Amino acid sequence: METWQTVVSYEGKLVRRNWLFYLFVVGVLGYASVFLIPWDIHRGWWSRIVFASSIPMRGVYFLNLLQSLVVVFLVCDIQRKRNKAETRETFSIRPVGNGRFFLGEFFGIFLPFLVVDVVFMIVCAMIHIVVPDSPENLWVFLFYFFVRVLPPLIFVSGLSLLVTKLVKLPFVSWFVLIGFLYFSYAFLVSPLYGVLDFRGSLLPDSFSSLVGFIHVEENLMQRGAFLWLGISFLCFAASLVKRLPNIPGRKFYLIVPACLCLMVSLCLGALYVGKYQARLKNRGAFREAILEYGKCPTARVLEHEIT
């Protein structure tokens, strides 16, 4: 356990010392201070704080956009530096197995971003508390953090680590990941009711003090699909480590949880699409019934004695 913590500590230092991570921190805090704080409520800013989810909804959208880009660049940059440093090493000898070493590498990347995300959500909550006439609900921020922030972070981290393990050239892996992000932002937002969008841009996430969140079940299905998909990518990437394990054949056991997580992700995605298709079918049936009733003769009251 102590050795694993050492791996997490050193991997985390590589992330925190990278200039991309500092750029991410400055960008997130700058966006919160410039665009999320309503400096003048009387000039159209009231519409941006009217709901308890107004500020976190806009903040999380920018956070996922910037965080996914920085994670991709940072993972590729760390892999490039590691390949450059290990060119003269014949054997990679470490007192830790492949699974724990890869898990430590993931948490070394994940934890610094997680801390920044927590600080960002606290800043958003403080803005809602300080601004007058702004409804606050701390459970909304917890919902956004666990449902809208964590799944994209785990998915992008797992995908980036998997691509860097499959593709040896850091520039090619960076090109593939950036191409995926662009394709996802430009073309995968609306097809199949948004099930292919890892950020969940079109999911209903507004919170009302009267009815709360709407369609929470579908929201959790779509978010859970990418959460389990990211975990499966991590398991697949861990099994692709070229370093010989301590026990021969041990790394092939990672394929089993990877396939199970992938199946859970696909099932959640299928259930999500099935929900919307069933709803669309019901709407079509209601529309046809209304049209049939419209063909029937209608009655009109010509005279009445209602006083």
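## A nonpolar core and the helices around it

Phe24, Leu36, Phe113, Phe120, Phe155 and Leu161 touch the most other members of the largest nonpolar core, which has 62 residues. Six helices each supply at least two residues of this core: helix 2 (19-36), helix 4 (54-85), helix 5 (98-130), helix 6, helix 7 (170-187) and helix 8 (216-239). Helix 6 gives the most, with 16 residues. A second, separate core has six residues, among them Leu203, Met221, Val273 and Tyr276. In soluble globular proteins, nonpolar side chains tend to be buried together. The model described here is predicted.

### The chain as a whole

The chain holds nine helices and two strands. Along the sequence, the pattern reads α-α-α-α-α-α-α-β-β-α-α. Of the 307 residues in the chain, 43% are buried. The exposed surface comes to about 18,100 Å². Carbon and sulfur atoms supply 70% of that surface. Among contacts with a separation of 6 or more, 79% join residues 24 or more positions apart.

### Helix 6 and helix 8

Helix 6 covers residues 138-166. Where does helix 6 kink? There is a kink of about 30 degrees at Leu150. The proline Pro151 follows shortly after the kink. The helix still reaches 41 Å from its first C-alpha to its last, close to the 42 Å expected. Helix 6 is largely enclosed by the rest of the structure, because 24 of its 29 residues are buried.

Helix 8 is mostly covered too, with 17 of its 24 residues buried. The table sets out the spans of these two helices.

| Helix | Residues in helix | Span, first to last C-alpha | Expected span |
|---|---|---|---|
| Helix 6 | 29 residues | 41 Å | 42 Å |
| Helix 8 | 24 residues | 35 Å | 34 Å |

Phe155 is one of the core residues that touch the most other members. Which residues does Phe155 contact, leaving aside its neighbours within four places in sequence? They are Phe180, Phe198, Phe226, Leu229, Gly230 and Phe233.

### Pro112 and Phe171

Pro112 sits in helix 5. Is Pro112 buried or exposed? Pro112 has a relative accessible area of 8%, so it counts as buried. Gly12 lies 100 residues away from Pro112 along the chain, yet their C-alpha atoms are separated by 6.8 Å. Gly12 is also in contact with Pro112. Beyond the neighbours within four places in sequence, the other contacts of Pro112 are Val15, Arg16, Phe21 and Phe107.

Phe171 belongs to helix 7. Phe171 has a relative accessible area of 59%, so it counts as exposed. Phe73 is 98 residues from Phe171 in sequence. In space, the two are 10.0 Å apart, C-alpha to C-alpha.

### Cysteines without a disulfide

A disulfide is a covalent bond between the sulfur atoms of two cysteines. How many disulfides does the model have? The count comes to zero. Cys259 is in no disulfide, and the nearest cysteine sulfur, in Cys261, is 9.4 Å away. Cys259 is partly exposed, at 32% relative accessibility.

Why is Cys261 not bonded to Cys235? The closest cysteine sulfur to that of Cys261 is in Cys235, but at 5.2 Å it is too far for a bond. The cut-off for a disulfide is a pair of sulfur atoms within 2.5 Å. Cys261 is buried, at 10% relative accessibility.

### Two positive phi values in a loop

Most residues other than glycine have a negative phi. Leu192 has a positive phi near 55 degrees, although Leu192 is not a glycine. Tyr193 also has a positive phi, of about 65 degrees, and is not a glycine either.

Where do these residues lie? Leu192 is in the loop between helix 7 and strand 1 (207-208). Tyr193 is in the loop between helix 7 and strand 1 as well. Leu192 is partly exposed, with a relative accessible area of 46%. Tyr193 is partly exposed too, with a relative accessible area of 30%.

How values were computed: Residues numbered from 1 in each chain as written. Predicted model: local features only at pLDDT ≥ 70, side-chain atom pairs only at ≥ 80, totals over all residues. Heavy atoms only, no water. Helix = DSSP H or I, 4+ residues; strand = E, 2+ residues; numbered from the N terminus. Expected span 1.5 Å × (residues − 1). Bend = angle between axes of the 7 residues up to and from the residue. Buried < 20%, exposed > 50% of the residue type's maximum accessible area, 1.4 Å probe, protein only. Contact = heavy atoms within 4.5 Å. Areas by Shrake-Rupley, 256 points an atom, 1.4 Å probe, with all protein chains shown as cover. Core = buried A, V, L, I, M, F, W, Y, C linked by side-chain atoms within 4.5 Å.
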